Structure formats: C-alpha cells, structure tokens
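Thanks for coming, everyone. I'll keep this short. Please have the sequence and the model on screen while I talk.

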Amino acid sequence: ADQASEAFSWVDGKFVVTNQPLATVLKGIKVWYGLDILSRDSSMNQRPITMTASLESSGDAVAALEASGGVKHAFEKGGTMVIVDAPAAAAKKGKKQ
C-alpha cells in the first residue's frame, strides 16, 4: 500500500500500515481503537510494522500487530497493556511452568 491508500484506508473501515515504526503504529492504534499499548523496550520502537486490520475489532488490530512485529501483548499490574518481544514472552512463560 502506498501512503495515499494508508491515509484513506479508514474510508474502507480498515487500519492499514506499511513499513512504519512500531512507535508510530502504537500511536495510530491509540487514535483508532482507543487502546493505549506501551512498549517498555525502546529497542523495539523502530521495528518495521506492516499490517491491516478492521477498524471494528481492536482484537484484530492487536493480533495483526503481534503477527507483523514479532511481539506479544501482556497486561501489567494495574491493567496497563504492554507489548514485549515474542521470543522473550515465550521464554518468560516457559519459566512459570
């Protein structure tokens, strides 16, 4: 998708991102879905994201973000949604067992 199709994707009910930094995508998700997702690892902020999700489903957006960015979402105490690197999330989950 080019910049024009990204900019007007909302007309078709979609959130479209092509090769944008993770930090930029998280801001877009906050605007379009009302989700405040934080990245506690600043080294991931420039990770390129390409995704498409329906504006009707924040779950689809989170799933598309996870698939494109190699990240997983989690909730901190207090309910803050954060994203972490997927391999780190898998390793942490494995330690709990």
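One definition before I start. By salt bridge I mean a side-chain nitrogen of Lys or Arg within 4 Å of a carboxyl oxygen of Asp or Glu. And a caution: this is a predicted model.

With that rule, take Glu76. Glu76 makes a salt bridge with Arg40, and their closest N and O atoms are 2.8 Å apart. Where do the two partners sit? Glu76 is in the loop between strand S4, residues 71-75, and S5, while Arg40 is in the loop between strand S2, residues 37-39, and S3, so the pair ties together parts that are 36 residues apart in sequence. Glu76 is partly exposed, at 28% relative accessible area. Arg40 is exposed, at 55%.

How many salt bridges does the structure hold? Three. Let me take the other two.

Asp85 and Arg47 meet side chain to side chain, 2.9 Å from N to O. Asp85 belongs to strand S5 and Arg47 to the loop between S2 and S3, so this pair links parts that are 38 residues apart in sequence. Asp85 is partly exposed, with a relative accessible area of 24%. Arg47 is partly exposed too, again with 24%.

Then there is Asp36 with Lys30. Their closest N and O atoms are 3.8 Å apart. That counts as a salt bridge because the cut-off is 4 Å. Asp36 is partly exposed, at 43% relative accessibility. Lys30 is partly exposed as well, at 45%.

Now a charged residue that misses out. Look at Glu66, in helix H3, residues 58-69. Which side chain of opposite charge is nearest to Glu66, and how far away is it? It is Lys72, at 4.3 Å. Glu66 has no salt bridge, although Glu66 is buried. The reason is the cut-off: a bridge needs nitrogen and oxygen within 4 Å, so a distance of 4.3 Å does not qualify. Glu66 and Lys72 are still in contact. Beyond its neighbours within four places in sequence, Glu66 also touches Val71 and His73.

Let me step back to the whole chain. There are four helices and five strands. Along the sequence, the order is α-β-α-β-β-α-β-β-α. The chain has 97 residues, and 31% of them count as buried. What about long-range contacts? Take the contacts with a separation of 6 or more: residues 24 or more positions apart account for 46% of them. On the outside, the chain exposes about 6100 Å². Carbon and sulfur atoms supply 54% of that area.

Next, the interior. In soluble globular proteins, nonpolar side chains tend to be buried together. Here, the largest nonpolar core has 20 residues. Which residues have the most contacts inside the core? Val25, Ile29, Ile37, Met51, Leu65 and Ile83. Five elements each supply at least two core residues: strand S1 (14-21), helix H2 (22-33), strand S3 (48-54), H3 and strand S5 (81-85). H2 gives the most, with five.

Pick out Ile29 from that list. Set aside neighbours within four places in sequence. Ile29 is then in contact with Phe15, Gly34, Leu35, Ile37 and Leu65. Ile37 and Leu65 are also among the residues with the most contacts inside the core.

Phe15 brings me to the aromatics. The count is one aromatic pair. Phe15 and Tyr33 form it, edge-to-face, 5.8 Å centre to centre with 85° between the planes. Phe15 lies in strand S1 and Tyr33 in helix H2, so the pair ties together parts that are 18 residues apart in sequence. Are these two buried or exposed? Phe15 is buried, at 7% relative accessible area. Tyr33 is buried, at 13%.

Stay on Tyr33 for a moment. Outside its neighbours within four places in sequence, Tyr33 contacts Phe15, Ala53, Ser54, Leu55, Ser57, Ser58 and Ala61. Of these, take Ser57. Tyr33 and Ser57 are 24 residues apart in sequence, with 8.0 Å from C-alpha to C-alpha.

To close, three places to look at on screen. Glu76 with Arg40, for the salt bridge between two loops. Glu66, buried and without a salt bridge. And Phe15 with Tyr33, the edge-to-face pair. That's my part.

Note on methods: Residues numbered from 1 in each chain as written. Predicted model: local features only at pLDDT ≥ 70, side-chain atom pairs only at ≥ 80, totals over all residues. Heavy atoms only, no water. Buried < 20%, exposed > 50% of the residue type's maximum accessible area, 1.4 Å probe, protein only. Lys, Arg positive; Asp, Glu negative; His and termini not counted. Contact = heavy atoms within 4.5 Å. Core = buried A, V, L, I, M, F, W, Y, C linked by side-chain atoms within 4.5 Å. Areas by Shrake-Rupley, 256 points an atom, 1.4 Å probe, with all protein chains shown as cover. Phe/Tyr/Trp six-rings, centres within 6.5 Å; stacked < 30°, edge-to-face > 60°.
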